[in-house]
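User: I would like a close look at one part of this structure, the place where the two chains meet. Could you walk me through the contact and the charged pairs around it?

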Amino acid sequence: MRGNVRPPPWRNMPVVSRLAGTRSPLLGRRSFLGLGAALTGSFALGATRGNAEPAPSSPPADAPWSQSIGAGVVDRPYGKPADTEAGVIRRNVPWLTAGTESSVSFSPLQDLHGSITPNGLFFERHHAGRPDVDPAQHRLMIHGLVERPLVLSMKDIMRFPSVSRIHFIECPANGGMEWRAAQLNSLQFNHGMISCAEWTGVRLSTLLEEVGIKKEVQWVLVEGADGAHMNRSLPLAKCLDDCLVVYAQNGEALRPEQGYPLRLLVPGWEGNVSIKWLRRIKLGDRPWYSREETSKYTDLMPDGTSRGFTWLIDAKSVITFPCPEKPLDGAGLYEIRGLAWSGNGRVKQVDVSVDGGVNWQSAQLHEPVLTKALTKFTLPWRWDGRPALLESRVIDQTGYVQPTISQLRQQRGSNSVYHNNSIQTWQIKPDGSVFDVQLA
Amino acid sequence: MFNSRERSLLLCLSLLAAAGTAADAAEPGHYGYGVKATPEQLAGWDIDARGDDGVGLPAGQGTVQKGSEVFADQCAACHGTFGEGEGRFPKLAGGMGTLRDDRPEPTVGSYWPFAPTLWDYINRAMPMPAPHTLSADDVYALTAYILNLNDIVPNEFVADRNSLPKVKMPNHDSFTWTDPRPDTMAKPCMSACADPADIKIMSTAEGRNLTPRTTGPLDTMQPK
């Protein structure tokens with residue numbers, strides 16, 4: 001084969017002969033890609049108007065990418081999305097925090113399909129920025145009230161029996177800007193602090209049994225290697241139940257933003273306890289009452305008292321289409337799409353209302369319906385072009401019903417910041433535009 | 001994923017495999033991976049001080065006066081000279097008696113339940129650009145200064161491992177540490193669940209101009 005050298009097949013091909021006004025016999029790949037992007041862009045704009053204007057690369061024309069040879073394998077040794085998807089990114093609310101180091105970014109739920117979040121779009125919450133940890137030097141220390149305090153390398157950790165599980169992580173402040181009133185007209189910014197992945201690692205119980213748990217142990221301190229030395233206290237029972245120490249997400253090593261090379265995963269509980277860049281686990285008889293579980297991540301009630309150790313993510317759901325970022329394009333048949341989840345187990349049922357909660361219809365749940373994981377739901381809907389108020393409401397396996405924002409406020413006022421799992425209302429206007437509203 | 005029998009089998013298999021290769025024989029019933037933590041390693045990483053009783057606080061001490069000097073040098077750029085907070089950085093002092101207000105001001109003085117937590121947090125996470133670089137004495141001094149800014153300790157207070165756990169924080173008794181949820185009891189009604197006349201929009205995000213763009217490059221919008 002090596003001796004049989006032939007000129008590259010594209011050498012003499014009239015690649016772009018049908019491009020409007022272009023007669024250049026040869027166009028470099030770069031120029032071709034540039035044109036392609038421009039054409040795709042105009043196609044995307046044209047698409048919302050139906051097939052009114054013939055596009056130069058739509059039928060009957062044969063597109064330039066159909067009359068040329070594409071880039072070869074390993075052109076991009078690590079794959080990335082199409083150039084025209086460049087706007088599908090994590091985004092932040094610049095006015096929300098003093099800087100970006102102790103801040104959050106939101107997953108673009110409006111552009112995601114299915115129940116797994118791509119690794120590059122998984123939401124971020126850092127308390128002291130994203131450290132770039134050298135896995136060769138990273139260690140996990142397990143000590144305190146144990147029989148054998150241990151220091152484990154990444155190699156050591158990866159030798160333990162491994163498990164893979166699909167779970168969501170949600171920041172308890174997801175929706176926190178909406179306690180008082182509808183503020184942000186966006187699915188991404190109101191709900192994007194949730195993501196879901198398949199995680200691979202070792203059971204925390206395996207590691208704790210390895211070091212030997214002394215009988216007086218009730219609590220476990222978990223701590224990160226970031227500048228915040230982010231730390232939380234967890235009850236031993238939860239650690240032995242379903243917590244994982246993970247090194248992989250969606251089949252590849254953790255992304256640095258998600259704690260590379262090692263993080264804790266506490267299924268169904270508020271995201272900040274799933275300590276990233278995990279470096280230390282200490283067993284003790286009492287909780288530590290760290291800053292992140294006293295000053296922060298506690299819920300202020302209207303009577304001035306505060307709730308601490310409110311770890312559980314209550315059941316929640318949201319319609320992801322239509323939404324402010326993805327309006328409707330004229331009356332007709334649509335598929336309402338959304339996501340539902342519960343920190344208490346599986347999603348049992350999702351109901352959808354198009355009249356602001358007067359009448360409800362059960363949506364179809366899509367497999368897999370897993371415990372403490374995002375579950376996709378859909379419901380066909382023929383929109384008559386009149387104003388509508390779309391809502392979804394989840395019921396989880398415990399029978400818990402997702403509340404309205406009014407029901408939540410009756411219990412917790414509007415200053416508790418965290419754990420807003422209320423029903424989202426999308427207002428549909430006759431022109432198809434969608435707005436974030438709150439109902440009485 | 002595995003039942004206990006399968007898990008012990010797995011453990012046995014792993015141990016058999018380990019016995020063939022590992023130089024250090026594992027204790028029976030253990031994988032034997034990793035190394036025992038040395039006292040030096042523990043001394044470097046075992047940094048926590050427990051919030052309610054101060055267990056873990058190290059030797060050392062710091063005065064309010066010394067704290068004001070360290071604070072001016074290390075903290076004031078973000079937190080303000082008197083803990084009032086610059087820009088959107090956290091306010092550390094004041095806000096007493098505001099927790100039931102429409103706009104509460106939670107600060108160290110008005111909100112934090114435990115004083116040793118303050119030492120622990122400054123020690124592990126501050127100053128933000130160079131966390132965990134201050135001496136134990138400087139952290140004690142800062143703790144004393146911030147408590148003094150909040151009128152919780154007098155000017156002559158000296159913070160150390162004995163004095164900090166005895167400081168009674170004003171909001172200490174306002175916390176409950178067991179989760180009362182579920183606290184909403186919504187019912188799964190399916191039809192005619194409300195009078196359509198009662199369905200009213202109480203607030204809308206339309207026209208509020210708070211939403212960054214969700215297409216194109218990242219937004220840099222700041223509050224008006």
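Analyst: Happy to. One pair away from the main topic makes a good warm-up: A:Asp242 forms a salt bridge with A:Lys238, with 3.0 Å between the closest N and O atoms. Both A:Asp242 and A:Lys238 are buried. Please keep in mind throughout that this is a predicted model.

Now to the contact itself. Chain A brings 111 residues to it and chain B brings 91 residues. Together the two chains bury about 8400 Å², and 56% of that lies on carbon and sulfur atoms. On the chain B side, B:Tyr33, B:Trp45 and B:Arg181 lose the most area to chain A, together 10% of what that side buries.

B:Arg181 also has a charged partner in its own chain. Its side chain meets that of B:Asp179 in a salt bridge, at 2.8 Å from N to O. The two differ in accessibility: B:Arg181 is at 11% relative accessibility, so it counts as buried, while B:Asp179, at 27%, counts as partly exposed.

Next come the polar links from chain to chain. Between chain B and chain A there are 54 residue pairs in polar contact, with both residues at pLDDT 80 or more. Several elements of chain B supply at least two residues each to the side that touches chain A: the helices α1 (4-21), α2 (39-45) and α5, and the strands β1 (35-36), β4 (175-176) and β5 (201-204). Of these, α5(B) gives the largest share, five residues. By residue type, that side of chain B divides into 45 nonpolar, 21 polar and 25 charged residues.

As for salt bridges, 13 are found across the interface of chain B and chain A, and the count over all chains is 36. One of those worth finding on your screen joins A:Glu223 and B:Arg124, whose side chains meet at 2.8 Å, N to O. This pair crosses between chains, from strand β7 (residues 219-224) of chain A to helix α5 (residues 116-125) of chain B. Each partner is buried: A:Glu223 counts as such because its relative accessibility is 0%, and B:Arg124 because its value is 1%. In general, side chains of opposite charge can pair when their charged atoms come close.

A:Glu223 and B:Arg124 also belong to a network of salt bridges, in which they are linked with A:Arg279, A:Arg280, A:Lys282, B:Asp46, B:Asp48 and B:Asp120. Within this group, the side chains of B:Asp48 and A:Arg280 meet in a salt bridge at 2.7 Å, N to O.

The backbone takes part in joining the chains as well. Strand β14 (residues 306-307) of chain A runs parallel to β4(B), and two bridges join them. If you want a spot to zoom in on, A:Arg307 stands opposite B:Thr176 in β4(B).

Finally, here is a helix of chain A to look at. Helix α4 (residues 204-211) of chain A has seven of its eight residues buried, so it is largely enclosed by the rest of the structure. The buried residues in α4(A) are A:Leu204, A:Ser205, A:Thr206, A:Leu207, A:Leu208, A:Glu210 and A:Val211. After α4(A) comes A:Gly212, which has a positive phi, near 85°.

Technical notes: Residues numbered from 1 in each chain as written. Chains lettered and ligands numbered in written order. Predicted model: local features only at pLDDT ≥ 70, side-chain atom pairs only at ≥ 80, totals over all residues. Heavy atoms only, no water. Salt bridge = Lys/Arg side-chain N within 4 Å of Asp/Glu carboxyl O. Helix = DSSP H or I, 4+ residues; strand = E, 2+ residues; numbered from the N terminus. Buried < 20%, exposed > 50% of the residue type's maximum accessible area, 1.4 Å probe, protein only. Contact = heavy atoms within 4.5 Å. Buried area = accessible area lost by both parts, 1.4 Å probe. Polar contact = N/O pair within 3.5 Å; in protein donor to acceptor, adjacent residues only side chain to side chain. Nonpolar A, V, L, I, M, F, W, Y, C, P; charged D, E, K, R; others polar. Pairing = 2+ DSSP bridges.
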